[in-house]
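Student: Got a minute to go through this one with me? I'd like to start with how the domains are set out.

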Amino acid sequence: MRSVIVLQYTIAASIAYLAGMITATAVSSMNTAVAISPMIYDVILVVVLGGISLSGGRGGIRNVLVGTLLIGILLNGMTIMNIEYTLQNVIRSLILLAAIVLDSLINPRDEQTDQQGDI
Amino acid sequence: MALRQIAATIGLAASLTGLAAYALAAGIDDPRRADYFKDLAGKTIAFVPVTMGIDLTEGWASVMKQQADRLGMKFEIRDPHFSADAGAQAITSLIAEKPDVIVVHNPDIQSYAKLLKRAEEAGIHVIQINMRSNYNSDVYVGADWIGIGEAEAKAVIDKCGAGTSGKIAVLQGQPTSGSDSGMMKGVENALSKHPEIKTVANVAGEWDATKAHAVISTVIQQNPDLCGIVGFWDVMDLGAAAAIKESGKPIVLVTSGGGEQMACDSVEKGVFYKEIAYQVMDQGRDLNDMISTVLETGLPAGKLKAVIYSPQLVISKETLRPGLCWSASALKK
C-alpha cells in the first residue's frame, strides 16, 4: 500500500513539474503566487464535475478528463462571450456550489469513506 | 568737524562690514535642522504591499528603507503575498502595534477601506501608494490612472484607425482595483471620441502572465483580425505578448508599468509598442517626502488629504535612451 501512495505522489509531482515547465516556457516567467491562487477552486470544480466524490472512494480518470474539457470550454466560452470578470467569478462559484451540494447528496459520507480522510 | 564725523561713519561702517563678513565665514546654524532630525528619529514606518518580489514594491521599499536608515527610523514590511485576507490581518495587527505611518498598497478599492479609517482614528498616518482605496486617507501617492488609460488608448487608436479592423481588446488586471477602475475610465474617455474603434473583449488577467496568456490566446482565436490590445500592467502583459507571438499576427500591444529595465528591453525588441510608465524611484521619493511631511507638520492623522500624481513617462522606440529605465536587479547591489 505504501509503495502505491509514494508512486502516486511521485507521478503527481512529475506531472506538476512538466506543467510548470510548459507554463514557464510559454510566458518566460512564473507566477510565484500560483500555489495560493484561486486556481484550486477550478481544480475542485473539475474533479467534482468529473464525478469524483469529495468524500473519496468513487470516480475514474476518464470522468476527470471529461470534467477538465467541460471546465475548459466553460472558461474559454465566458471569455469568448466577453462576460464581465466579476460575473464570470459568480458563475464559476455558483457551479462549484451546486456541484458540491449535489456531490454530498449523491455520495453521502458513510463508514467506509469516513476512514479515507477528508480533502 | 564735518570731516571728522564722515571719517567716523566710514570707520564704523567698515568695521560692521568686517564683523558681518567674519560671522559669515564662521557659518550660521540652521535653527530648524536639529528639530528635523529629532522629529523623525525613532519613528516607525510600516509598509503593506500587495506582494513583495515585483519591481514596483521592491523599488518603493528600497527607497523608503534608505531614508529610514538615514534618519534613524524603523522600517518594516508586512508581505501578504497577493492575499487580501493576510493583508487585512497585517493592518489589523499594525493598528494594535501603533506605528507612526502605514504605507499601504491596496489590492482593491474595498478590502482595506474600513481598516484604514480605523488606523487613522487610532492616530496612525496612512499613505496609499499607487492603488487607492475607497477611503481617502492622509496622502495618495501614485499614478494618475485615468490619464494613463487615456494615453494608452490613444496610442492604440493611432495604430488601429482607417485601414485596419478597428478591433481592440482591453486586458485588465483586477477590475476591482484602484488602478484598473481608473485606467478603464481613461480608456472609455478616449474611446468615446472614436466610434470607429470597437472593443471586442474586456478581460482580466489577475496580474498573472500565465492567465493573461490564456485569455488573450482565446481572444485572438475568436477575433483573428484583432488590431490592438490595451494592457494594464507590463509584467502581466508579457503573457499577452507571448500569445501575440504564438499567433504570428501584427497586433499592437500598449502597456503601462513601473518603467523597469524590462519595459525598455521589451519596447526595444518590439514586444510592447509603447509603455506609459510611472517612475517607481520617483514615487519612492514622493513617499519619503510625504512620510516626513506628515510627521513634521504634527497634524493629527487624517487631516492632510494630499494627492501626488506621478508624471507620465512614455517609453517608445522614439524616446528610448540609455538610463531611461531603472533596474530592479541593481537595487540589490
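Tutor: Sure. Domain bounds here come from an automatic or database domain assignment. Keep in mind that the model is predicted.

Student: OK, so which domains does the assignment give for chain B?

Tutor: Domain 1 is 33-143 + 280-310, and domain 2 is 145-278. Their centres, taken over C-alpha atoms, are separated by 30 Å.

Student: How many residues does each domain of chain B put into the contact?

Tutor: Domain 1 of chain B gives 17 residues and domain 2 of chain B gives 13 residues.

Student: And which helices supply at least two residues each on the domain 1 side?

Tutor: H3 and helix H11 (280-297) of chain B do. The largest share of that side comes from H3(B), with 3 residues. By class, the side of domain 1 of chain B that touches domain 2 of chain B has 7 nonpolar, 7 polar and 3 charged residues.

Student: Where does H3(B) fit in the fold?

Tutor: Start with the strands around H3(B). Strand E1 (residues 44-48) and strand E2 (residues 74-77) of chain B run parallel, joined by 4 bridges. Phe47(B), for example, has Ile77(B) in E2(B) as its bridge partner. The chain gets from E1(B) to E2(B) through helix H3 (residues 55-71) of chain B, in a right-handed β-α-β crossover.

Student: Switching to helix H10 of chain B: which residues are buried there?

Tutor: In H10(B), residues 261-269, the buried ones include Met262(B), Ala263(B), Cys264(B), Ser266(B) and Val267(B). Among the elements covering them are helix H9 (234-247), strand E9 (252-257), strand E10 (274-278) and strand E12 (312-315) of chain B.

Student: What follows H10(B)?

Tutor: Gly270(B), with a positive phi near 85 degrees.

Student: Which residue other than glycine has a positive phi near 60 degrees?

Tutor: Trp207(B) has that value. For background, most residues other than glycine have a negative phi. Another example is Lys305(B), with a positive phi near 55 degrees.

Student: Where are they found?

Tutor: Trp207(B) is in the loop between strand E7 (198-204) and helix H8 (209-222) of chain B. Lys305(B) is in the loop between H11 and strand E11 (306-310) of chain B.

Student: Is Trp207(B) buried or exposed, and why?

Tutor: Buried, because Trp207(B) has 24 C-beta neighbours inside 10 Å, and the cut-off for buried is 20 or more.

Student: And Lys305(B), buried or exposed?

Tutor: Exposed, because Lys305(B) has 10 other C-beta atoms within 10 Å, and the cut-off for exposed is 12 or fewer.

Student: Now chain A. What's in it?

Tutor: Chain A has 5 helices and 0 strands, so the order from the N terminus on is α-α-α-α-α. Its C-alpha trace spans about 45 × 35 × 25 Å along the principal axes. Of the 119 residues in chain A, 12% are buried. As for contacts in chain A between residues at least 6 apart in sequence, 54% join residues at least 24 apart.

Student: How many residues does each chain bring to the contact between chain A and chain B?

Tutor: Chain A brings 15 residues and chain B brings 22 residues. On the chain A side, the elements giving two or more residues are helix H1 (2-27), helix H3 (61-80) and helix H4 (85-106) of chain A.

Student: What's the class make-up on the chain A side?

Tutor: The side of chain A that touches chain B has 6 nonpolar residues, 9 polar and no charged.

Key. Residues are numbered from 1 along each chain as its sequence is written. Chains are lettered from A and ligands numbered from 1 in the order in which they are written. This is a predicted model: local features need pLDDT of at least 70, side-chain atom pairs count only at pLDDT 80 or more; totals for chains, interfaces and linings use all residues. Two residues are in contact if their C-beta atoms, placed from the backbone, lie within 7 Å. Ala, Val, Leu, Ile, Met, Phe, Trp, Tyr, Cys and Pro count as nonpolar, Asp, Glu, Lys and Arg as charged, and the others, Gly among them, as polar. Two strands pair if DSSP finds at least two bridges between them. A crossover is right-handed if, with the strands pointing away from the viewer, the path from the first strand over the helix to the second runs clockwise.
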